Amino acid sequence: MNVLNLLADHLWFLFGIKMDSIPEDQMLPTEDILEVLSGKDQQVKALISSNYSDIALKATLNFISQILLEEDTKDTLFHEESVVRAMEKPFYDILSKNYPHTVDESDDPEGTQAYPHSIVHNFSYQSGYDNLVTMQASEFDKGVEEGKKFLPSIDKLIVNFKANKLSVASTCEQGDDLDWVDFDGEDEKDENFARKQLRHKNKSNIDDLDQLDGRNRKVCASCLEETASRNTLFDKVLLKHDNYMKEISNIREAVQREASKFSENNQEEVDDIKKLLIQCSHAVYANDHQMAEDLIKLIRNQSSLDGDWTQRMAFAFADALEARLTGTGSEVWRQLLAKRISTIEFLKICQLIITVCPFPRTTMYYANQTILNMAKKTGVLHIVDLGIGFGFQWPSVIQALSDQNMKGIKLRITGVDFPRPGFRPAELVEEAGRRLEDYARSFNVPFEYSGMASKNWETISLDDLKIRKDEVLIVNCFWRLREIGDEAVSLNSPRDQVLKLIYKMKPHIFFEGVLNIQTFSPFFVTRFRQCLNLYAALFEILDILVPRDNKQRQTMERHFMARDILNVLACEGSDWTMKPEAYKQWHQRNLRAGLEPIPLDPAMVKECREKLTEAYNNKIFFIEEDGNWLLQGWNGRAFDALSTWKPKLAQTS
């Protein structure tokens with residue numbers, strides 16, 4: 001074995017000395033060098049130690065000593081190699097493979113070929129710019145074994161959601177049969193995101209189980225059925241009834257009582273907050289970190305999660321500006337997207353929205369009544385819901401189909417939505433299907449459901465949708481087209497491709513509901529002003545309609561509105577997904593895709609206006625018509641737009 005080569009390598013690594021750079025007349029004999037490195041020449045060793053790291057020198061000396069030890073114990077290692085080969089050979093014979101040729105030691109005096117793959121050094125070697133670490137493998141293994149003594153057995157570990165940590169199972173009995181399902185996401189500490197401690201399914205009946213977020217967080221699989229099944233709260237919110245009239249009155253009284261405790265926002269204070277936010281957006285755009293950080297601190301001093309609407313709005317915008325300034329927008333956005341709230345909590349939010357705001361109730365009423373009128377003319381009704389979510393729109397339709405006049409009509413629903421982050425991407429559409437099947441069974445309505453989780457809706461084929469000729473086909477898409485990519489993602493716009501797919505389906509009617517919001521500018525400062533004006537109006541609406549201490553309002557502001565603000569302001573490229581368009585822009589897209597508008601039903605529009613006047617006795621909400629679009633708004637600004645479409649007969653696919 002060439003010891004001088006190894007020595008040269010280590011001298012170059014530690015001291016930057018090349019052997020070939022030393023004159024021959026100054027070169028020490030090999031025996032003297034080895035004597036120095038083996039530690040016998042204490043004076044030289046002390047000199048080296050004074051100039052170089054003791055750790056590095058010790059590592060080199062250990063390495064050279066190991067080489068010398070291998071030279072001295074070659075015969076012993078070769079004997080051990082022979083024993084190993086004798087044990088391995090029978091297994092090669094069983095596998096009908098030739099055993100590797102053994103090189104005779106006499107043919108290899110240096111010993112470099114006798115066991116090329118079996119030399120095992122008893123230390124690990126890790127190199128870096130400024131350190132060299134050695135560790136005895138046997139000592140490491142011993143430490144692992146010692147450490148294991150302090151850990152409980154893995155089968156005795158449970159997840160303690162309340163403490164957010166692993167605990168040793170003390171109450172689990174032998175024979176407990178629990179099926180587990182993992183959820184993917186990030187930890188959520190907000191009290192509004194309900195958490196229930198897991199209990200054994202043979203000991204309790206869980207009626208309200210949250211879909212818990214957090215990587216490696218687990219819930220009982222049998223309890224997933226509980227989240228999907230109906231209960232009294234589901235029926236109260238989703239089925240057709242007039243109880244919301246009383247609920248509107250109760251919330252209005254609560255808001256009035258609260259208004260007497262707080263003074264109205266001074267317009268000057270509102271303007272000051274907006275000016276600070278706009279000034280901060282300019283500093284962020286100019287990459288002036290010092291000024292931006294100072295302004296963000298000033299904004300945070302005037303913001304609060306529990307204050308009035310301007311303080312809550314300022315808090316959300318400060319988070320978004322800080323994320324953009326630090327370049328963490330996309331990362332924070334993905335974390336927020338992975339967070340989940342329970343089905344029950346989301347249902348309560350829907351209940352609040354449809355109670356205080358007429359927009360979703362009017363949109364769904366118009367669509368559902370039109371669908372039921374068409375169902376009377378067929379035996380099979382097929383609804384393709386693009387963006388089905390939790391499927392809350394359809395229980396009332398199932399209830400209506402159980403009427404005596406519609407007995408025997410079969411309902412098919414194909415639910416399409418984006419995949420959820422985590423290990424169960426189709427969880428949302430599957431849960432919606434189980435819930436709708438439960439309603440169909442209880443109302444004795446023939447029912448068939450098919451769910452589909454797709455990241456790119458434009459890639460869905462007609463075969464995936466299983467459209468049949470003997471059915472009335474309805475395509476429904478409310479407020480979700482804004483999440484599909486536009487021309488900034490691809491020249492062949494995914495939005496246009498989805499609309500062309502709808503045309504190819506040849507539906508009898510296509511319901512399109514959109515948020516009437518002007519397209520956000522690609523330039524940050526302009527985009528910031530547009531976003532600020534939009535969400536200032538939305539925060540103000542909630543402050544007028546909902547008490548400040550309402551938990552559902554807080555969840556909606558922190559989980560949904562703040563998340564969308566961050567996506568618009570702190571994300572770019574494919575991560576910027578919140579790109580709404582005005583209804584007139586969607587109108588042009590529909591025409592290019594080969595669709596033509598269906599005139600609004602005057603009787604239905606009149607009925608919607610009457611319900612609005614009856615339930616919301618004020619002048620801030622309005623319903624108007626523009627062409628074939630039904631517009632709903634607040635305080636003179638249209639926020640929601642609904643229209644119905646069908647394929648042009650002369651158009652070819």
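In the predicted model, Phe359 touches Phe621, Gln632, Gly633, Trp634, Phe639 and Asp640 once residues up to four places away in sequence are set aside. Phe359 itself is found in helix H15, which spans residues 358-375, and with a relative accessible area of 9% this residue is classed as buried, the limit for that class being under 20%. One of the partners, Gly633, stands 274 residues from Phe359 along the chain, yet the C-alpha atoms of the two residues are separated by 7.8 Å.

This pairing can be set beside the figures for the whole protein. Of the contacts between residues at least 6 apart in sequence, 75% join residues at least 24 apart. The protein has 653 residues, 45% of which are buried, and its secondary structure consists of 23 helices and 15 strands.

Three helix pairs were examined in terms of axis geometry and contacting residues. Two packed helices are described by the angle between their axes and the distance between the axes. For helix H11 (residues 289-301) and helix H12 (residues 309-326), the packing angle is about 160 degrees and the axes lie 10 Å apart. Because angles over 145 degrees count as roughly antiparallel, H11 and H12 are assigned to that class, and their crossing is left-handed. On the H11 side the contact is made by His289, Ala292, Glu293, Ile296, Ile299 and Arg300, while H12 contributes Ala314, Phe315, Ala318, Asp319, Leu321, Glu322 and Leu325. Sorted by class, the contact of H11 with H12 comprises eight nonpolar, one polar and four charged residues.

A second pair is formed by helix H10 (residues 267-285) and helix H20 (residues 524-545), whose axes come within 10 Å and cross at roughly 155 degrees. That angle makes H10 roughly antiparallel to H20, whereas the handedness of the crossing between H10 and H20 is right-handed. From H10, the residues Lys274, Leu277, Ile278, Ser281, His282, Val284 and Tyr285 meet Phe524, Val525, Phe528, Arg529, Leu532 and Ala536 of H20. The class composition of the contact between H10 and H20 is nine nonpolar, two polar and two charged residues.

The third pair, helix H14 (residues 343-356) with helix H21 (residues 551-570), has axes that come within 9 Å and cross at roughly 105 degrees. Since the range from 65 to 115 degrees counts as roughly perpendicular, H14 and H21 are described in that way. The residues of H14 that make the contact are Glu345, Phe346, Lys348, Ile349, Leu352 and Ile353, and those of H21 are Gln552, Arg553, Thr555, Met556 and Phe560. In the contact of H14 with H21, six residues are nonpolar, two are polar and three are charged.

Attention then turns to helix H17 and the loop that follows. Glu431 is placed in helix H17, which covers residues 427-442. At 1% relative accessibility, Glu431 falls under the 20% limit and therefore counts as buried. The side chain of Glu431 is joined to the side chain of Thr343 by a polar contact of 2.6 Å.

Pro446 occupies the loop between H17 and strand E9 (447-453), and its relative accessible area of 36% places this residue in the partly exposed class. When its neighbours within four places in sequence are left aside, Pro446 is in contact with Ile409, Lys410 and Leu411. Pro446 and Ser402, 44 residues apart in sequence, have a C-alpha to C-alpha separation of 9.5 Å.

Two further loop residues were noted for their backbone angles. Trp479, found in the loop between strand E10 (472-478) and helix H19 (494-505), has a positive phi of about 65 degrees although this residue is not a glycine. Lys506, which lies in the loop between H19 and strand E11 (509-515), likewise is not a glycine but has a positive phi, in this case of about 55 degrees. With a relative accessible area of 39%, Lys506 is partly exposed.

Definitions and conventions:
Residues numbered from 1 in each chain as written. Predicted model: local features only at pLDDT ≥ 70, side-chain atom pairs only at ≥ 80, totals over all residues. Heavy atoms only, no water. Axes fitted to C-alpha atoms, helices over the stretch in contact; angles between N-to-C directions. Helix = DSSP H or I, 4+ residues; strand = E, 2+ residues; numbered from the N terminus. Parallel < 35°, antiparallel > 145°, perpendicular 65-115°, else oblique. Left-handed = near helix turned anticlockwise from the far one by under 90°. Contact = heavy atoms within 4.5 Å. Nonpolar A, V, L, I, M, F, W, Y, C, P; charged D, E, K, R; others polar. Buried < 20%, exposed > 50% of the residue type's maximum accessible area, 1.4 Å probe, protein only. Polar contact = N/O pair within 3.5 Å; in protein donor to acceptor, adjacent residues only side chain to side chain.
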